[in-house]
Amino acid sequence: MPAVLEIEGLRKTYKSRRRGTRNALDGFDMRVDAGQVHGFLGPNGSGKTTTLRTLLGLIRPDGGRMALLGHEVPDALPTVAGQVGAIVESPQFFPHFTARDTLSLLAGAGEVPATRVDEVLELVGLRDRAGERVKTYSLGMKQRLAVASALLKKPKLLILDEPANGLDPGGIREMRTLMRTLAESGMTVVLSSHILGEIQLICDSVTIISLGRRVAFGPVDEVLAQHSSGAVRIRLEAVSDLPLATEALTRAGIRVTGHPDHLMLAGVDKPASVTRLLAEQNLYVSELAPIAVDLESVFLELTATAPVPGQNRQVDESMKVGGAGQPGPAGGGWGA
Amino acid sequence: MSLFRTELRRLGKRRFTRYMTLLGLLVLAAVVVGVFFTNQKIDAGQLARAERQADQQYQEQVRWSEQERAACEQAKAAGTATDGRYPDDCSMITAPSRDQIEARWFLPSTFDFKETFDETLIPFAAILALVGFVIGASFVGAEWSTGGMMNLLLWRPKRLTVLLTKLAALLTGILAVTLPAAVLWFAGFWAVANFRGSTKGMTSGVWQSFMLTGVRGVVLVLVLTTIGFALASLGRHTAMALGGVVAVMVVGQFGLGILLSMASVRFAEAWLLPTYALAWMTKTVTLQDWNSCNATYYGECKPATMDITWQQSSILLSVGVVVILGAALWAMRRRDIS
């Protein structure tokens, strides 16, 4: 599949006399293939928004290469801008204009037919409130307007930074459906969000960034599989057999944690080997359930941002890729 | 072209633009109406009455000087004329001649188009320049502070083109208000002169001079609009331009004026910006140094003078526009947008 978004070794450094040097992006790589819904994840201050701003020409990079729809950017941005719809960070609009005026002015600037304004207002559910000033809108409504503005030019690539921010549960579900519909129509969607459950539900692939560097990427299933601990929960027909089972499994090199009515196993490659091993000991399994990891636990693990009781984690306290005692990135090179 | 049209639409849709323009035009209208009601057409009866009042004034002056001369001589005879109240020679106390008391002093105010209209173009340009400055600053400043500029750059990633197109739309809008306002200003004062004064003596040369002053006024409006726009773009906020102007006027002008005056600097006004704005409109401003004395053949003491011309003002305005707009364009091209 051709890539619609490619980033290679992107660097951005902020220098300040008072605060010293900070690498917002430190050799960041990313690739998004055509037709995908791609999740772009990272803790606060990890470089997500800086990446998107740099990609869209708002920030000047210090190094690296970027391409959108096969064109090197920022040089070719004027050529591809008409095919890239984007909202970056929180939606920002002139508060005294109505939603229709706002979109109409953008359509005028981008030479988009005026009829498209009503189409996108309908699409994001703002048709009946389009004549009201933006300053009267809730955050969720502004978010819808932002998505509408990004959709206005019927982009091939849609980049949305926190599109579900401020949306009510119904709105989040509508947004999810909209993303899927857009992807099915051939549009590529890059979605930055902290609602990891949503990302897991709607994204085909993800890139996880931490401290300006990619720490994981690829199809969601693969990323989850790569970080699955191989945990399995088993129950036996007779609870009294649990100590025997523990002994047998430990002998076989499996890490076992005992519980009153079940055992938790770690480091199990093939769950079938557990049933075979126990059956050979005349111990019969009544339940065997692989414990699936979710994106949230993978994210917290990779970015080292899981809350620790009694500690107040600061914004930039996150995992440094390749740092001492830390695991390396989940993959290397381009793409999955 | 679509961006230009869109920016023109955006300018017109902004409430601030509408209200400020309306306010500016209302102030201009108030000036015309005020001049209309404070002037009168002079008829023969009023002229005769003024002559009579001038005669009366002359008689009073004669009476008063005679009284004072008598008092002077009395004081001199009594030897009490040493307090400096009277001159050494009492005959120096004389009444002014009759022709020194002019009848026009006793006439009500009347609007002489040829003599006065030129001066009215100064407040016209000043009011519209202020309106243009504030609208220009707000037009781009609000775009920066509300994120509108970032949105626009996502659509049109050519930064300089976007900023210059915005400026072109702004100047077009301001010109679209200023030119009809100037025509109405001419027409309004022509009407005032017709009904409350005189339009005598208007020649093609006078008209040409008025037109040129009007053109310089329009240029001043456009220059200040551009400076307001550029300052707000530089600071990414309307307040940057407004604050900058307050700082320049209060600290840079009043403060500098006081400092120069305390230091007894010759031609202190030559360091103050309003002098150049005035010179731009009136073609020449002559500054005088009252601490100097240039003796004439007749024994008079004339102060030294210095002329500030509209050509010098044009250099200052050009340099100001180039530096401030250049800085705004450079910043637009170079800086990160967040």
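**Exercise 1. Describe the make-up and spread of chain B in this predicted model.**

*Solution.* Start with the secondary structure: chain B has 10 helices and four strands. Next, walk along the sequence, where these elements come in the pattern α-α-α-β-α-α-α-β-α-α-α-β-β-α.

Now turn to the spread of the chain. For 338 residues the globule rule gives 20 Å, but the radius of gyration of chain B is 28 Å, well over that value, so the chain is more spread out than a compact globule. The box filled by the C-alpha atoms of chain B, taken along the principal axes, is roughly 95 × 50 × 35 Å.

Finish with the interior. Of the 338 residues in chain B, 29% count as buried; here a residue needs 20 or more other C-beta atoms within 10 Å of its own. Looking at contacts in chain B between residues at least 6 apart in sequence, you will find that 79% join residues at least 24 apart.

**Exercise 2. Work out which elements of chain B touch chain A, and what kinds of residue they bring.**

*Solution.* First, count both sides: chain A gives 24 residues to the contact, and chain B gives 24 residues. Second, find the elements of chain B that supply two or more residues to its side: helix H1 (2–13), helix H4 (113–146) and helix H5 (148–155). Third, sort the residues on the side of chain B that touches chain A: nine are nonpolar, seven polar and eight charged.

**Exercise 3. Trace the six-stranded sheet of chain A and find the helices that pack on it.**

*Solution.* Begin with the strand order. The sheet of chain A is open, runs E6-E7-E8-E3-E9-E10 and has mixed pairing. Its edges are strand E6 (84–87) and strand E10 (213–219) of chain A, each of which pairs on one side only. On average, neighbouring strands of this sheet are turned by 10° against each other, direction ignored.

Then zoom in on one pair. Strand E3 (residues 37–41) and strand E8 (residues 188–192) of chain A pair in the parallel sense over four bridges. In one of these strands, E8(A), you can pick out Leu191(A) as the bridge partner of Gly39(A).

Last, add the helices. Helix H1 (residues 48–55) of chain A packs on the sheet and touches E3, strand E7 (157–161), E8 and strand E9 (205–210) of chain A. The direction of this helix makes about 145° with that of E7(A). Helix H11 (residues 295–303) of chain A lies across E3, E9 and E10 of chain A, and runs at about 30° to E9(A).

Notes. Residues are numbered from 1 along each chain as its sequence is written. Chains are lettered from A and ligands numbered from 1 in the order in which they are written. This is a predicted model: local features need pLDDT of at least 70, side-chain atom pairs count only at pLDDT 80 or more; totals for chains, interfaces and linings use all residues. Two residues are in contact if their C-beta atoms, placed from the backbone, lie within 7 Å. Ala, Val, Leu, Ile, Met, Phe, Trp, Tyr, Cys and Pro count as nonpolar, Asp, Glu, Lys and Arg as charged, and the others, Gly among them, as polar. Two strands pair if DSSP finds at least two bridges between them. Axes are lines fitted to C-alpha atoms, for helices over the stretch in contact, and angles run from 0 to 180 degrees between N-to-C directions. The radius of gyration is taken over C-alpha atoms; the globule rule is 2.2 Å times the number of residues to the power 0.38. A residue is buried if 20 or more other C-beta atoms lie within 10 Å of its own, exposed if 12 or fewer, and partly exposed in between; C-beta atoms are placed from the backbone.
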